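Please open the model in your viewer, with the sequence panel beside it, and keep a selection tool at hand. The tour below goes from stop to stop, saying at each one what to select and what is found there.

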Amino acid sequence: MLPHDAGHSSQKVAEVQAESEAIFRSIGDGAIATDEFGHITRINPMAQRILGLKPKEALGQWFPRILPIMREDKTPLALIERPIVQMFLTGKSVTAKVRYILKDGSSVPVSITVSPIILNGRPVGAIEVFRDITEEQEIDRMKSEFISLASHQLRTPLSTIKTYTHMLADGYFGPLAAPQTAPLQTVITAANTMNELISVLLNIARIESGSIAISTSEYDAAQLVTDVIKQLQITADARGVRLRFIRPAAPANLCTDSLIAKEILANLISNAIKYTPTLGTVTIRVRDLQHSVRIAVHDTGIGIPRQVHDKIFAKFFRAPNAVREETVGTGLGLYVVQGLVTTLHGKIWFRSAEDAGSTFYVSLPKSSVSPGRTADL
Ligand code: ADP
């Protein structure tokens with residue numbers, strides 16, 4: 001009986017092995033498995049095709065050696081930062097977008113997920129699954145280029161509309177009859193809204209194409225806040241919301257791009273005004289820390305429900321309570337703000353609960369942000 005049983009189970013083992021091999025080969029994305037030391041044990045046909053590697057070239061090789069990588073923007077990536085190394089260090093799955101450098105020196109952008117292979121509760125290797133995202137990136141680039149071009153083209157006729165409507169309203173072409181004033185004001189407001197939308201679209205195109213120019217100088221953060229408050233005071237007054245600025249005792253100097261910093265602050269303060277009912281207060285505080293300046297924008301408004309905290313910076317997202325209270329909004333402001341904060345190498349976060357107000361924090365580094373990216377802003 002015994003020999004028969006052993007034969008039966010070894011056949012079973014072979015079947016299971018063949019099946020797992022077939023599953024591995026059929027994965028529609030590139031897949032590479034390694035042992036616990038990072039030596040390649042399997043490479044599926046899709047990975048061979050994307051990387052131009054034959055199994056005999058790859059099998060047994062140390063993964064980082066046979067397949068060098070760099071960042072998405074083609075800058076070098078240290079071995080320690082490599083997703084597979086990070087995965088081995090943390091024991092957790094790592095997702096990233098990088099470029100694999102191929103044998104011929106060219107590179108291919110990929111979206112990868114690398115996870116530990118756990119057997120009997122012990123990590124015995126890694127599996128890296130990846131997708132060639134060349135086409136996706138090209139489509140993204142074309143989309144951004146289109147938005148940028150379209151927005152520029154829209155700006156020109158819009159500025160003509162703005163100029164002439166203002167001239168009409170100011171009586172430059174003769175006095176207006178009383179019934180004409182209100183409709184003309186509506187046109188002016190609509191043109192302003194359109195102008196803001198175009199700015200948002202342009203900003204998105206610039207952020208997504210990584211082409212925001214940074215021009216840094218030394219500024220007092222309190223002065224930047226004061227400038228923005230001046231711009232927004234009329235809006236706050238119109239809504240019956242009090243703007244309060246708690247100045248730091250001494251200047252909070254930082255080396256930054258003032259246009260971008262003001263755009264970030266203007267977005268956060270105007271959100272605070274927009275989502276705070278009449279008689280509410282918006283308080284802005286500046287704190288001078290060792291390496292950064294932290295600006296907090298606190299409001300006594302409608303707050304952000306906890307269930308949607310993780311979505312608040314996503315493109316087009318608007319919380320249900322905001323949609324109920326305030327019909328005007330695109331859900332693009334915070335997405336832009338987050339992109340701008342990243343451009344300045346800063347951080348943004350918030351604390352909020354529904355009906356309990358919100359505080360948005362921005363921290364900007366004091367030292368100059370690295371130059372390098374150059375384009376118009
Ligand atoms: P929107 O054009 O809708 O204001 P944003 O991207 O600026 O878009 O904000 C996204 C969403 O975040 C808003 O729709 C709102 O739900 C929420 N939000 C942002 N700021 C505040 C705030 N100060 N108070 C309450 N909700 C806010």
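Which domains does the domain assignment of the protein give? There are three entries: domain 1 (3–132), domain 2 (137–209) and domain 3 (217–376), with bounds that come from an automatic or database domain assignment. Before going on, please note that this is a predicted model, in which local features need pLDDT of at least 70 and side-chain atom pairs count only at pLDDT 80 or more, while totals for chains, interfaces and linings use all residues. Residues are numbered from 1 along each chain as its sequence is written, and side-chain values use heavy atoms, with hydrogens and water left out.

If you colour domain 1 and domain 3 separately, you can place their centres, which, taken over C-alpha atoms, are separated by 43 Å.

**First stop: the ligand**

Select the ligand and the residues near it, a residue being near a molecule if one of its heavy atoms lies within 4 Å of it. This shell holds 21 residues, of which Asn 271, Tyr 275, Arg 318, Thr 330 and Leu 334 come nearest. Sorted by class, the shell has 11 nonpolar, 7 polar and 3 charged residues, where Ala, Val, Leu, Ile, Met, Phe, Trp, Tyr, Cys and Pro count as nonpolar, Asp, Glu, Lys and Arg as charged, and the others, Gly among them, as polar.

Now show the polar contacts, meaning pairs of N or O atoms within 3.5 Å; within protein, one atom must be able to donate a hydrogen and the other to accept it, and residues adjacent in sequence count only if both atoms are side-chain atoms. At Arg 318, a side-chain N or O atom is 2.6 Å from an oxygen atom of the ligand. At Ala 319, the atom to pick is a backbone N or O, which lies 2.9 Å from a ligand oxygen, and at Gly 331 a polar backbone atom is 3.1 Å from an oxygen atom of the ligand. On its own the ligand has 530 Å² of accessible area, and the protein covers 98% of that area, as calculated by the Shrake-Rupley method with a 1.4 Å probe.

**Second stop: the elements around the ligand, and α9**

Which elements each supply at least two residues of the shell around the ligand? They are α9 (258–274), α11 (333–343) and β13 (358–365); helices (H or I, at least four residues) and strands (E, at least two) are DSSP runs, numbered from the N terminus. The largest share, 3 residues, comes from α9.

Select α9 alone, and you will have 17 residues that reach 24 Å from the first C-alpha to the last, close to the 24 Å expected at 1.5 Å a residue, the expected span being 1.5 Å times one less than the number of residues. Is α9 mostly covered or mostly open? It is mostly covered, with 12 of its 17 residues buried, where buried means under 20% relative accessible area, exposed over 50% and partly exposed in between (1.4 Å probe, protein chains only). The buried residues include Asn 271, Ile 264 and Leu 268. At the start of α9, look for Asp 257, of which a side-chain oxygen reaches to within 3.0 Å of the backbone nitrogen of Leu 259.

**Third stop: two residues with positive phi**

Select Asn 120, in the loop between β5 (107–119) and β6 (122–132). Although Asn 120 is not a glycine, it has a positive phi of about 50°, and at 77% relative accessibility it counts as exposed. Then move to Asp 355, in the loop between β12 (347–352) and β13. Asp 355 has a positive phi of about 65° although it is not a glycine, and with a relative accessible area of 66% it is exposed.

**Last stop: buried and exposed positions**

Select Asp 299, which lies in strand β11 (residues 292–299). Is Asp 299 buried or exposed? Asp 299 counts as buried because its relative accessibility is 5%. Add Thr 283, 16 residues apart from Asp 299 along the chain, and the two C-alpha atoms are separated by 6.3 Å.

Finish at Ala 249, in the loop between β8 (242–246) and β9 (253–256), where a relative accessible area of 93% makes the residue exposed. Ala 249 and Ala 222 are 27 residues apart in sequence and, C-alpha to C-alpha, 10 Å apart in space.
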